[in-house]
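Q: I'd like a close look at one part of this model, the spot where the metal sits. Could you start from the strands behind that spot and then work outward?

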Amino acid sequence: MSLVDALRAVVGERQVLVDADVRAPFEVDWTRRFRGSAAAVVRPGSADEVVAVLRACAEHGAAVVPQGGNTGLVGGSVPRGGEVVLSLTRLTGLGQVDRASLQVDAGAGVTLAALQGRARAAGLDAGVDIAARDSATVGGLVACDAGGVRAVRHGTVRARVAGLEAVLADGSIVRRTSGLLKDNAGYDLPGLLVGSEGTLGVITAVRWRLVARHDARALALVPLASLAEAAELLAAVRPLLPSLDACEFFTDEGLSLVLEHLRASAPVELRAAAYVLIECAAAADPLEELAAAFEAAGVEDALIADDTTGRERLWRLREAHTEAISAAGIPHKLDVGVPIDRLAPFAAAVHEAMPPDARVILFGHLGDGNVHVNVLGPDPDDDAVDEAVLRLVAGHGGTISAEHGIGVAKAGWLHLTREPGEIAAMRAIKAALDPGGLLNPGAVLA
Ligand code: FAD
Ligand code: MLT
Ligand code: ZN
């Protein structure tokens, strides 16, 4: 039996996509930088079907690329050439919130927006937010250990995973979904699968840990003369803000591009070199706490938004960076992390290292030292740009991937951020769990 017939026998003919035009959206990533053709796109509707699909692929020696919402930014969600794309978006089961444990069971294909909706209806929150919320899936978020704008308060997605269910390359199942806070029997396999980017197993469901919902919010945009001042502001106010819920930054280059893209005018009276967006959230209005922190830090020019419309308007300036940059071209997109006190020297070094005609846009999650370096202009396939930025990150004591993952985009540079012994251990784990190298080959480990 051919591979396609074997897949059809498992999921039915309608869920195996073979026509080129139907496969097309699954074969190119969000950035348009990474693409390849798939042998087929298969869309299982249950964990049992995932097991049978992986067994069929293993029997045919066919490599598999797991895919959720396909919003990943490092090329790990699309085929490189001839793999089967395993789309998990039909796994949309979403349980009722367990109010005693503050957890909920979500299928891998549940979108972040749907999860947030379920949590909020129960008076809680998902504890994670990213601009791709309407498409990014629970499976993809866990596979990447995504970060987003609330990590400064709640940690990355790893901190939200109370347990999960996954299928390994040979079809065996790892199931740890009881949600027990204390369960240290043996190795932490769910922990190993978090951030494994589809290379160790296919996540089919997650037991998600929710957080308290804070409805009273205050948001401030602070214009500053430099990124050094941004880092200093964070250090000055952070200890005074127990309600800190987000702390983001962008620069005037990025703001100009966003305003151009949105055809909007600047809401900031004072244009500046850098901007910090600080949001506080609590049960009672946190505005007083924020104002007191600003006074202590000597902040005079903050633009405060304390109603929903004002907040949405300011958040849009930050969140629209990704789409505004993408509308201007295919960027070199490097999600990196540096110690917060290295942010300004790192940014200066990046600007210096780039070709003179390059448009360099830096923004990101200030509270996490997480910088999104975007470079427009140089050919998207010119690795010299990526190499230069990633070497600078390593030189500043940072990581070449803060939240997007390694994917295929950075697999060649893992050694800049991980010791040889660590990479050898990663290879040993990969070989043990996926001896045929069938799961997302080429991602994470080159
Ligand atoms: P996909 O893109 O489909 O896949 C991503 C990786 O996970 C691939 O390696 C894939 O093989 C693997 N994978 C997917 N599903 C599974 C599964 N069920 N089992 C095993 N492996 C799987 N990321 C952040 O961290 N923070 C942000 O603030 C952020 N903002 C974004 C804003 C925009 C506008 C966009 C387009 C992206 C943003 N991202 C951000 C990146 C992206 O949304 C995240 O990486 C997200 O976690 C990807 O989820 P997905 O379902 O789209 O996964
Ligand atoms: C963000 O923080 O907006 C994202 O991680 C997306 C990006 O880097 O473009
Ligand atoms: Zn980000």
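A: Let's begin with a pair of residues facing each other across two strands: Phe250 has Phe363 as its bridge partner in S16. Keep in mind throughout that this is a predicted model.

The strands behind that pair are S12, residues 244–251, and S16, residues 359–365; they run antiparallel and are joined by two bridges. Both belong to an open sheet of seven strands, which reads S14-S11-S13-S12-S16-S17-S15 with antiparallel pairing. At the edges sit S14 (303–305) and S15 (332–337), each of which pairs on one side only. From one strand to the next, the twist averages 15 degrees. A helix goes over part of this sheet: H8, residues 227–237, lies across S11 (216–224), S12 and S13 (274–282), and it runs at about 20 degrees to S13.

Now to the metal. S16 covers residues 359–365, and His365 is one of the protein donors of the zinc ion (ligand 3). His365 gives its NE2 atom, His372 also gives NE2, and Glu403 gives an OE atom, with the donors lying 1.9 to 2.1 Å from the zinc. Along the chain, the zinc donors follow the spacing H-x6-H-x30-E. How buried are the two histidines? His365 has 2% relative accessibility, so it counts as buried. His372 has a relative accessible area of 6% and is buried because that is under the 20% cut-off.

Next comes ligand 2, which shares residues with the zinc site. Its surroundings are Leu73, Arg318, Thr322, Lys333, Phe363, His365, His372, Glu403 and His404. You'll recognise Phe363 there as the bridge partner of Phe250, and His365, His372 and Glu403 as the zinc donors. As for polar contacts, a polar side-chain atom of Arg318 is 2.7 Å from an oxygen atom of ligand 2. Lys333 also has a polar side-chain atom 2.7 Å from an oxygen of this ligand. His372 comes in as well, with a side-chain N or O atom 3.0 Å from a ligand 2 oxygen. So much for the site itself.

Working outward, have a look at Arg33, in the loop between helix H2 (20–23) and strand S2 (40–42). Among the residues Arg33 touches are Ile330, Pro331 and His332, and His332 falls in edge strand S15 (332–337). Arg33 also touches Pro380, Asp381, Asp383 and Asp386. Two of those contacts are polar ones: the Arg33 side chain reaches the backbone oxygen of Pro380 at 3.0 Å, and it makes a polar contact with the side chain of Asp386 at 3.4 Å. With a relative accessibility of 17%, Arg33 counts as buried.

There's another ligand to place. Leu73 was in the list around ligand 2, and Gly72 is among the residues that come nearest to ligand 1. Ligand 1 has 36 residues around it, and Pro66, Gly68, Thr71, Gly72 and Thr137 are the nearest. Its polar contacts include several with backbone atoms. An oxygen of ligand 1 is 2.7 Å from a polar backbone atom of Gly72. A nitrogen of the ligand is 3.3 Å from a polar backbone atom of Gly148, and a nitrogen is 2.9 Å from one of Ile203.

Ile203 takes us to another sheet, as it falls within S9 (residues 202–209). Here four strands form an open sheet in the order S5-S9-S7-S8, paired antiparallel. S5 (103–107) and S8 (173–176) are its edge strands, each pairing on one side only. The twist in this sheet averages 20 degrees from one strand to the next. Five bridges join S5 to S9, and the S9 partner of Gly107 is Ala205.

This sheet has a helix across it too: H3, residues 47–59, lies across S7 (161–167), S8 and S9, at about 45 degrees to S7. Cys57 is found in H3 and, at 1% relative accessibility, counts as buried. Leaving aside residues up to four places away in sequence, Cys57 touches Leu3, Leu7, Ala62, Val64, Val84 and Leu438. Cys57 and Ala169 are 112 residues apart in sequence, yet their C-alpha atoms are 8.9 Å apart in space.

Key
Residues are numbered from 1 along each chain as its sequence is written. Chains are lettered from A and ligands numbered from 1 in the order in which they are written. This is a predicted model: local features need pLDDT of at least 70, side-chain atom pairs count only at pLDDT 80 or more; totals for chains, interfaces and linings use all residues. Side-chain values use heavy atoms; hydrogens and water are left out. Two strands pair if DSSP finds at least two bridges between them. Axes are lines fitted to C-alpha atoms, for helices over the stretch in contact, and angles run from 0 to 180 degrees between N-to-C directions. Contact means heavy atoms within 4.5 Å. Donors are N, O and S atoms within 2.8 Å of the metal (3.2 Å for Na, K and Ca); water is not among the atoms, so sites may look incomplete. Buried means under 20% relative accessible area, exposed over 50%, partly exposed in between (1.4 Å probe, protein chains only). A residue is near a molecule or strand if one of its heavy atoms lies within 4 Å of it. A polar contact is a pair of N or O atoms within 3.5 Å; within protein, one must be able to donate a hydrogen and the other to accept it, and residues adjacent in sequence count only if both atoms are side-chain atoms.
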